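This report covers side-chain pairs: aromatic rings and salt bridges. The model comes next.

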Amino acid sequence: MPVNTTAVSGIMKIGVGGGANLEEFLSTLDIPPLNSSTYQKEHDNIATAWEKVAENEMYCAAMEEKHLAVQAGEVGGDGIPMLTVVVDSCWAKRSYRTNYSSLSGALLNVSFIISGRNSGISDKEGLIHGCTKPILHGLSRAAAVNKLPGKHCCSKHLHGSSSSKEANIIREGFQNSVAMYGVKYAKVIGDSNVYKTILDSRPYDELQV
């Protein structure tokens, strides 16, 4: 990879922050740092590539589990393989003498649906509490230089508490399993709140999970 790509990829992988951290690190090594626009371009390209790889890995895991279910004869009357999955969620926490969920920046509520046989992640979803590029900040910067603000790409799409969204995220995974992978999650290992949400949503009309 080009050196700029490897530098940004490295700073993303170790999770120390963004362009300012990379700039300080490179300056310490007496290496000219990347400007902010170059960093953001590389960051966006890498993030897009990671997402594509993750989607492909999840698809492969689901197809392997689908194949194993067919071999085991775990197929419904409609010919769709039925899987057993483990579901769980996690989200960022902050603690200043009190433990509470973080709402800042790009901190995620991430839910996973993990295949029962091969332990591969067959589905995941990350919902973002806070926008990484606040729109008011962008407007104020544009006004300062007497320019029109650029298009705002808002990354926030989660409202409410993290715990309240866990079941809803997993429910969506169940509702989309047939369209995405051609399988049904017939049995689930998870907590009671998640299970109740799945039952109430009736993701498979003729099948009770």
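The structure holds 2 aromatic pairs. Rings of Phe, Tyr and Trp (its six-membered ring) pair if their centres lie within 6.5 Å; planes under 30 degrees apart count as stacked, over 60 as edge-to-face and the rest as tilted. This is a predicted model: local features need pLDDT of at least 70, side-chain atom pairs count only at pLDDT 80 or more, and totals for chains, interfaces and linings use all residues. Residues are numbered from 1 along each chain as its sequence is written, and side-chain values use heavy atoms, leaving out hydrogens and water.

**Aromatic pairs**

The rings of tyrosine 59 and tyrosine 181 have centres 6.3 Å apart and planes at 45 degrees, so this pair is tilted. Tyrosine 59 lies in helix α3 and tyrosine 181 in helix α6 (residues 177-181), so the pair ties together parts 122 residues apart in sequence. Helices (H or I, at least four residues) and strands (E, at least two) are DSSP runs, numbered from the N terminus. Tyrosine 59 is partly exposed at 41% relative accessible area; tyrosine 181 is buried at 6%. Buried means under 20% relative accessible area, exposed over 50%, partly exposed in between (1.4 Å probe, protein chains only).

Phenylalanine 174 and tyrosine 185 form an edge-to-face pair, 5.1 Å centre to centre with 75 degrees between the planes. It links distant parts of the chain: phenylalanine 174 sits in helix α5 (residues 162-175) and tyrosine 185 in strand β6, 11 residues apart. Phenylalanine 174 is buried at 0% relative accessibility. Tyrosine 185 is buried too, with a relative accessible area of 0%.

**Salt bridges**

A search of the whole structure finds 3 salt bridges. The term means a side-chain nitrogen of Lys or Arg within 4 Å of a carboxyl oxygen of Asp or Glu.

| Acid | Base | N to O distance |
|---|---|---|
| Aspartate 78 | Lysine 184 | 2.6 Å |
| Glutamate 206 | Lysine 184 | 2.0 Å |
| Aspartate 200 | Lysine 196 | 2.8 Å |

Glutamate 206 lies in the segment after α7 (192-201) and lysine 184 in strand β6, so their pair ties together parts 22 residues apart in sequence. Lysine 184 is buried, at 5% relative accessible area. Aspartate 78 is partly exposed at 43%, and glutamate 206 is exposed at 55%.

Aspartate 200 and lysine 196 both lie in helix α7, 4 residues apart, about one turn of the helix. Aspartate 200 is exposed at 53%. Lysine 196 is exposed at 52%. Shared partners join Asp78, Lys184 and Glu206 into one salt-bridge network.
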